[in-house]
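Colleague: I have a model open on my screen and would like to learn how to read it. Could you walk me through it, feature by feature?

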Amino acid sequence: MRIFARSFSTEPAHRRLRLVLCAALAVVPPFLGLGYALAYSLGLVGALATGFTGEHWAKLLRTSDVTRALGFSLAVAAVTVALATVLALGLSLALRRALGRGLGATALFVPLALPGVVAALIGFQFLGGAGVLGRLAWHLGWIAAPQEFPALIFDRHGLGIVIAHTALAVPLLMLLFTRLHANERIDEFAALARTLGANRLAVLRRVTLPLLLRRAAPSLSLLFAGVFGAYEIPLLLGAQRPEMISILARRKFALFDLHQRPEAFLIAAIYAAIVLTLVWIAFRKQPPAHVG
Amino acid sequence: MSADSANAIAVSWPRRAGATALIVLCWLPVAYLALLSLARDWAFPALLPPGLTLATWRRALAGNDGLVTSFATSALIALLVATLATAAGGVASRVFAYHRHRGWWVLAMHAPFALSPVILGTCLLYFFIRLGLVGSSAGVIAAQFIFAYAYAVIVLIGFWNPHVAALEDLARTLGAGRRQVFQRVVFPLARPLLAVAFFQTFLLSWFDYGLAAVIGAGKVPVLTLRVTEYMGSGNVQLAAACALLLIVPPLALLLLNRRLAILAA
């Protein structure tokens, strides 16, 4: 039988070329774009380039909107992932059997068919003052006019953004946790722990949650990265201040003032550094590279 | 008694009620959008519309608003992106899977997939301008392909395992040529996962907003852009109709093919 794993150095030239081409298709465009962004932010390229300068990076420390957008985006992503994980864990553990394999399990697939713009439209229709929740509040006598309904969208805390992303993520995470529950044979480990004297809380704390969360960590990291760089939902449900990082980068890029453009690319470079570091941490403990 | 019915008996009523509430919540957005697209004068504080009308759908399907064109444009772009990405991803996943640094390649493939399309699109805009691709369907397809290709590799790399390699070797030992090995052994085995990769990359393109807005410069009239246009102009009925056009095809596919849905999830 041939050797399953091959080394680059022993590859024939045509196979090496194929490897380079296959890698280039996915790796070159992002790094080309990010390299350009970094070079632009350092004054090396662009319409107003004057040679290497750290001025834009130094300015970053003085401008509050970039740091505020970074902090706001990180906070929104962290709260969304935490909220969605807690809800999905609770619901999947409590309703796993009740949902079964029929209508219940099928219903969880419905939110998978909702893109961000549709989630934003639904969020707008449900969470706005004159939306579904506002109308319910009016019928219950809690408010007399739409303006009295608490601001859940276009608010400075990003509540609408968090709610919309959480609503999209919970069914997906429920499917993930339900599947992991079966694949990781958690029921069997839980039964073993109970036989050894563990009570229900100890089984949950020491067996079920660690197993589920450890296996779900890469997916949760991708969810964090997705919300951190989200565009459509913050664009349609977010306030003008503070902005999510994608909105700020896009706004600074689209301004007529070309002096703002290095900042847009600087934001992109910082964003990419954070996301790529996160992905590296989450996926570096993948199954070993050698197979066979 | 089947295992399912035994489970149903064991489940307590609060859990059954909770499951029912969750099912209703999952379907609520679709039902609400359908009602909104049919509603007539649905003003605050009415909980239900005073009447229903097909006027929005007549307008949407008449073609004057270009919704039919948008649907066709979105479908064509998504089909092209999914076909190209699945084919290229199939080839590339084999190259990476049999390489000794397989883990590193998988990690590298996550780079475009994890980045925000709007931010990466903005960074790549200069190169797309130089290539004359901005504001064109070709530009949107090329930009979406970067993301879809990486995702297809991530989905398909798991297919190439020692068992498949052994089957390929066995077929070759029995005298099969390269084409026969592909046609008779590899393709039939890979078909379910190829379907998942095709479906997922189709969705990636079908749901895309950021790249269509940045690289397409708003000139490629895909459905996602139309939803925001209608929302911006305050025409929520047409936005709802447009949103339904966006969600019904993938929803129908997910519900008709549960296996695809489970693998896709």
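Modeller: Happily! Let us begin with burial: a residue is buried if 20 or more other C-beta atoms lie within 10 Å of its own, exposed if 12 or fewer, and partly exposed in between. Keep in mind that this is a predicted model.

Colleague: Then how does Val132(A) count: buried, exposed or partly exposed?

Modeller: Val132(A) has 15 other C-beta atoms within 10 Å, so Val132(A) is partly exposed. Val132(A) belongs to helix α6 of chain A, residues 132–139. Leaving out residues up to four places away in sequence, Val132(A) touches Gln125(A) and Phe126(A). Its C-alpha atom and that of Arg68(A) are separated by 32 Å, with their positions 64 residues apart along the chain.

Colleague: And is Ala77(A) buried or exposed?

Modeller: Ala77(A) has 24 other C-beta atoms within 10 Å and is therefore buried. You will find Ala77(A) in helix α3 of chain A, residues 64–99. Here sequence and space tell separate stories: Ala77(A) and Ala225(A) are 148 residues apart along the chain, while their C-alpha atoms are separated by 7.6 Å. Beyond residues up to four places away in sequence, Ala77(A) touches Phe224(A), Val227(A) and Phe228(A).

Colleague: Let me turn to the backbone. Where should I look for cis peptide bonds?

Modeller: Look at omega before a proline. In chain A, a cis peptide bond joins Arg241(A) and Pro242(A), with omega about -5°. Pro242(A) sits in the loop between α10 (232–237) and α11 (245–254) of chain A. In chain B, the bond from Phe44(B) to Pro45(B) is cis, and omega is near 5°. Pro45(B) is in the loop between β1 (39–40) and β2 (51–52) of chain B.

Colleague: Which residues have a positive phi although they are not glycines?

Modeller: Phe154(A) is one, with phi of about 55°. Phe154(A) lies in the loop between α6 and α7 (159–183) of chain A, and its 16 other C-beta atoms within 10 Å make Phe154(A) partly exposed. Asp41(B) is another, with phi of about 50°. Asp41(B) lies in the loop between β1 and β2 of chain B. With 9 C-beta neighbours inside 10 Å, Asp41(B) counts as exposed.

Colleague: How would you sum up chain B as a whole?

Modeller: Start with its elements: chain B has 13 helices and 2 strands. Its C-alpha atoms fill a box of roughly 75 × 65 × 30 Å along the principal axes. Of its 265 residues, 45% are buried. Among contacts in chain B with a separation of 6 or more, 72% link residues 24 or more positions apart.

Colleague: How do I read a pair of packed helices there?

Modeller: Ask how their axes approach and at what angle they cross. The axes of α4 (residues 67–97) and α9 (residues 178–206), both of chain B, come within 8 Å and cross at roughly 140°. That angle makes α4(B) oblique to α9(B), because over 145 degrees is needed to count as roughly antiparallel. The crossing of the two helices, α4(B) and α9(B), is right-handed. Residues making the contact include Ala78(B), Ala82(B) and Gly89(B) of α4(B) and Leu194(B), Phe198(B) and Phe202(B) of α9(B). By class, the contact of α4(B) with α9(B) has 11 nonpolar, 6 polar and no charged residues.

Colleague: What about nonpolar residues more widely?

Modeller: In soluble globular proteins, nonpolar side chains tend to be buried together. In this model, the largest nonpolar core has 170 residues, and the members touching the most others are Ala268(A), Val153(B), Val227(B) and Cys242(B). Helix α7 of chain B, residues 137–156, gives the most to this core, with 15 residues. Setting aside neighbours within four places in sequence, Cys242(B) is in contact with Leu67(B), Leu223(B), Arg226(B), Val227(B) and Tyr230(B).

Colleague: Last one: how many residues of chain B are in contact with chain A?

Modeller: There are 75 residues of chain B in contact with 82 residues of chain A. Helix α2 of chain B, residues 13–38, supplies the largest share of the chain B side, 12 residues. The residues on that side divide into 57 nonpolar, 12 polar and 6 charged.

Key:
Residues numbered from 1 in each chain as written. Chains lettered and ligands numbered in written order. Predicted model: local features only at pLDDT ≥ 70, side-chain atom pairs only at ≥ 80, totals over all residues. Axes fitted to C-alpha atoms, helices over the stretch in contact; angles between N-to-C directions. Helix = DSSP H or I, 4+ residues; strand = E, 2+ residues; numbered from the N terminus. Parallel < 35°, antiparallel > 145°, perpendicular 65-115°, else oblique. Left-handed = near helix turned anticlockwise from the far one by under 90°. Contact = placed C-beta atoms within 7 Å. Nonpolar A, V, L, I, M, F, W, Y, C, P; charged D, E, K, R; others polar. Core = buried A, V, L, I, M, F, W, Y, C linked by C-beta atoms within 7 Å.
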